[in-house]
Structure formats: structure tokens, C-alpha cells
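Welcome! Please take a look at the model below, then work through the exercises one step at a time.

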Amino acid sequence: MRLRRWCHAMNDNSEGEVSHPLAIEPVTSDSRAAFVDWCLAHGVEHDDSYTQPPDLALFPTPGEIVALALLDRQVVGAAALMVDGFADAGLGRFRILHATRAEAYGPLLEWTLARTPAAVRHVYCFLPEDAAAAQALAPLGFSPTRYAVVLERAAGPVDAPSPPPGVEIRPASADDALAWTAVINEAFADAPGHYPMTEQRAREHLADERVVASFLAWRGEEPIGVVAVWRDEQAGEDAAEIATLGVVPLDQGRGIGRALLRQALAAAEDAGLPRCSLSTSTVNRPALGLYTSEGFAVVDTRVCWGRDVDGRAAPQRPR
Ligand SMILES: CC(C)(COP(=O)(O)OP(=O)(O)OC[C@H]1O[C@@H](n2cnc3c(N)ncnc32)[C@H](O)[C@@H]1OP(=O)(O)O)[C@@H](O)C(=O)NCCC(=O)NCCS
């Protein structure tokens with residue numbers, strides 16, 4: 001209903017010329033290139049976690065709901081809601097929800113939510129703190145639900161990893177997918193936005209060509225910690241990103257996270273990537289304490305904007 005009302009409004013043309021109303025169209029093989037171009041041009045104004053060329057090469061993920069907003073047959077916005085994996089936790093994450101015309105946000109959102117599987121109860125995206133999109137999302141029921149910081153570490157010496165006695169850190173490969181899955185699901189069980197890792201996803205993740213190095217911490221045959229370093233071409237040819245660092249709860253606070261982080265930093269440096277970034281929640285005190293004590297400094301803040309599919313805004317969490 002509302003979509004039609006929007007379209008009607010857009011059809012009014014005071015000059016009396018023929019105009020093409022705002023239209024929301026699914027992305028097809030014909031319009032795939034236009035969608036990708038939109039993400040490359042605007043992902044960075046929005047949330048560039050999934051809009052860089054290697055991510056777009058894998059687009060769409062299974063079940064992804066994707067649309068373009070067209071005005072006078074020109075693309076003025078795009079929406080893509082990823083549900084694969086996320087839906088297992090009742091979530092949908094926008095790869096992009098961005099328009100250059102504010103009036104396109106409502107129809108794009110409405111079109112997307114009308115096609116969202118029932119399992120998805122909450123949708124979200126991350127925006128820079130001063131993103132213009134926030135002004136368009138707030139009236140649509142989105143509110144800030146949590147905050148994340150991006151931290152960077154300049155090239156510099158890395159102290160030797162020193163895991164506690166009885167713990168060994170070894171390189172991980174796709175053959176370790178089961179162990180990787182078990183550690184991730186335990187370590188991140190309470191992390192907001194976490195959805196269950198599966199062996200298949202872990203295998204793909206560990207075999208991803210952007211992964212420079214990945215390590216598992218073992219106590220005997222028991223996997224207890226993980227870390228992965230990714231190439232971060234967006235940030236420069238010498239830049240790495242630590243995308244995953246986790247220790248199972250019973251072994252936290254024993255120096256294993258620090259040892260894994262140092263191992264990852266050393267591997268990045270060996271691969272010619274001495275600059276490193278990562279992100280974490282502003283309320284994750286253990287992670288923030290670890291990162292700042294290993295030379296990382298906060299360079300940016302990201303705001304998670306979310307709303308329930310049924311329209312209720314999510315409760316705000318502390319910064
Ligand atoms: C963050 C995490 C990886 C740290 O690993 P860990 O093995 O527990 O950390 P370590 O024992 O090596 O401690 C390293 C530093 O972290 C900080 N830290 C660890 N636990 C802490 C706590 N409970 N409160 C505050 N700071 C803490 C301290 O600065 C500590 O250094 P110190 O012992 O010299 O004071 C671990 O807590 C974890 O897996 N958390 C859940 C998953 C997660 O949030 N991962 C990070 C995503 S960005």
C-alpha cells in the first residue's frame with residue numbers, strides 16, 4: 001500500500017512532463033552490474049563490510065533479497081539483505097541499504113521486508129557515525145542498537161607470542177573446520193550479531209584466498225582458541241585485518257588471546273602486511289584492553305542501526 005502511495009507521489013510532475021515514478025525492481029542478471037556499481041560507489045558512505053570487490057564477487061549469498069530503486073529509469077538506491085547464516089539467529093544484515101534520494105529508502109525497505117523469511121525477526125546495518133543515511137532510517141523505525149570501534153595498529157615490532165604452559169598454537173587449514181566451528185560457537189555465543197558457525201562455512205572461510213594466515217590454539221587435542229588474518233586491500237597493499245579472534249570461555253583470561261593476536265600480527269608482517277586493523281564492540285572490555293595494550297588505537301566508530309521486522313525499534317544498548 002505505502003509503496004503505491006510513494007509511487008503516486010513521485011508521479012506528480014509540476015512541469016507537466018511525462019515522468020517515470022519511483023520503482024523498486026529485483027536485481028536480475030541484467031541489472032547485476034548496476035547493483036555492483038552502486039555498491040562500489042556508495043558502500044563506503046554506508047557500510048563497506050560487504051561491498052568491496054571480493055565480497056561482491058560472491059554476491060548474492062543464498063536467499064539474499066536484492067533490489068534497485070529507479071527514478072526516471074535511473075538507479076537512485078539499492079538494498080540487499082543477507083539472510084544466509086544470519087537467519088539462524090533471527091537476524092538479517094543489510095549488505096547495503098543506501099539511496100541518493102531520501103524518498104527511496106521507505107519503498108526499498110518495504111519491498112525488502114515483504115520478502116524477508118519468517119525466521120528473520122530483526123534487521124540491521126552498520127553506518128559511520130555521521131552517515132546521512134541515518135536521517136532516512138530513523139523515521140523508518142531504525143534506532144542505534146550498539147556501537148563498534150575500528151582500531152588500527154601501525155607497522156612496528158611485535159612481541160613474541162607466549163601461550164601459557166600446555167597450550168600450543170598451530171596454523172589452521174580447511175581440514176580444521178570442525179575444530180574452528182566448535183571454538184567460534186563457544187567463544188562468540190553471547191556476542192551480538194553472532195550466528196552459528198557451521199563446518200561448511202568454516203571450511204569456506206579457512207580456504208578463502210584473502211585469508212593470509214589462521215591459527216588454532218590447542219590444549220592437547222582440544223581446540224580452545226582461533227585467530228584469522230585477512231588481506232585488507234581496501235586499506236592499502238600493506239594492510240591486514242584481524243577478522244576473528246576468540247578463546248573459549250573457560251580458557252579466557254589466561255593469556256591465550258594475547259598469544260594468538262601476536263601470532264597473527266607476526267604472520268601478517270611476514271606476509272608483507274605490517275599495518276593491521278580490526279573492529280570490536282565498544283562494550284567488549286576484554287577485547288579493547290587486549291588490543292590497546294598491543295599497540296592498537298581507535299580510529300573510527302560505527303553505529304549499528306536496527307529494527308524489528310514487525311516495526312518495533314530495538315532497545316538501545318550502551319555505547
Ligand atoms: C577478547 C578475547 C579474545 C581475549 O582473550 P583472552 O585469552 O581472554 O585474553 P588474555 O588472557 O590474553 O588477556 C589479554 C588482555 O585482555 C584484557 N582482558 C582479558 N580479560 C579481561 C576482562 N575480563 N576484563 C578486562 N580486560 C580483560 C586485559 O588487558 C588482558 O591483559 P592482562 O592480563 O595483562 O591484564 C576473549 O575474551 C574472547 O574470546 N572473547 C569472546 C569473543 C570476542 O569478543 N572476541 C573478540 C572479538 S573482536
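**Exercise 1. Find where P60 and D72 sit, and say what marks their backbone.**

Solution. P60 lies in the loop between helix 3 (53-57) and strand 2; helices (H or I, at least four residues) and strands (E, at least two) are DSSP runs, numbered from the N terminus. A cis peptide bond, with omega about -5°, links F59 to P60. Next, go to D72, which is in the loop between strand 2 and strand 3. Its phi is near 50°, a positive value in a residue other than glycine.

Before going on, two notes on reading the model. Residues are numbered from 1 along each chain as its sequence is written. The model is predicted: local features need pLDDT of at least 70 and side-chain atom pairs count only at pLDDT 80 or more, while totals for chains, interfaces and linings use all residues.

**Exercise 2. Trace the sheet from one edge to the other.**

Solution. Start with the order: the open sheet of twelve strands runs 1-2-3-4-5-12-6-11-10-9-8-7, with mixed pairing. Two strands pair if DSSP finds at least two bridges between them. The edges are strand 1 (23-26) and strand 7 (168-171), each of which pairs on one side only. On average, neighbouring strands of this sheet are turned by 25° against each other, direction ignored. Now pick one pair: strand 6 (residues 143-153) and strand 12 (residues 297-308) run antiparallel and are joined by nine bridges. Within this pair, V149 has T301 of strand 12 as its bridge partner. Finally, add helix 2 (residues 32-42), which packs on the sheet and touches strand 2 (65-71), strand 3 (74-82) and strand 4 (91-99). The direction of helix 2 makes about 90° with that of strand 3. For such angles, axes are lines fitted to C-alpha atoms, for helices over the stretch in contact, and values run from 0 to 180 degrees between N-to-C directions.

**Exercise 3. Describe how helix 6 meets helix 7.**

Solution. The axes of helix 6 (residues 177-187) and helix 7 (residues 199-207) come within 8 Å and cross at roughly 110°. Helix 6 is therefore roughly perpendicular to helix 7 (65 to 115 degrees counts as roughly perpendicular). Then list the residues: A177, L178, W180 and T181 of helix 6 meet E199, A202, R203 and L206 of helix 7. Being in contact means that C-beta atoms, placed from the backbone, lie within 7 Å. By class, this contact has five nonpolar, one polar and two charged residues. Here Ala, Val, Leu, Ile, Met, Phe, Trp, Tyr, Cys and Pro count as nonpolar, Asp, Glu, Lys and Arg as charged, and the others, Gly among them, as polar.

**Exercise 4. Work out what surrounds the ligand.**

Solution. Of the 21 residues around the ligand, Q252, G257, P286, G289 and L290 come nearest; a residue is near a molecule if its C-beta atom, placed from the backbone, lies within 6 Å of it. Strand 10 (239-247), helix 8 (256-270) and helix 9 (285-293) each supply at least two residues of this shell. Helix 9 gives the most, with six residues. To finish, sort the shell by class: nine nonpolar, nine polar and three charged residues.

Definitions and conventions:
Contact = placed C-beta atoms within 7 Å. Parallel < 35°, antiparallel > 145°, perpendicular 65-115°, else oblique.
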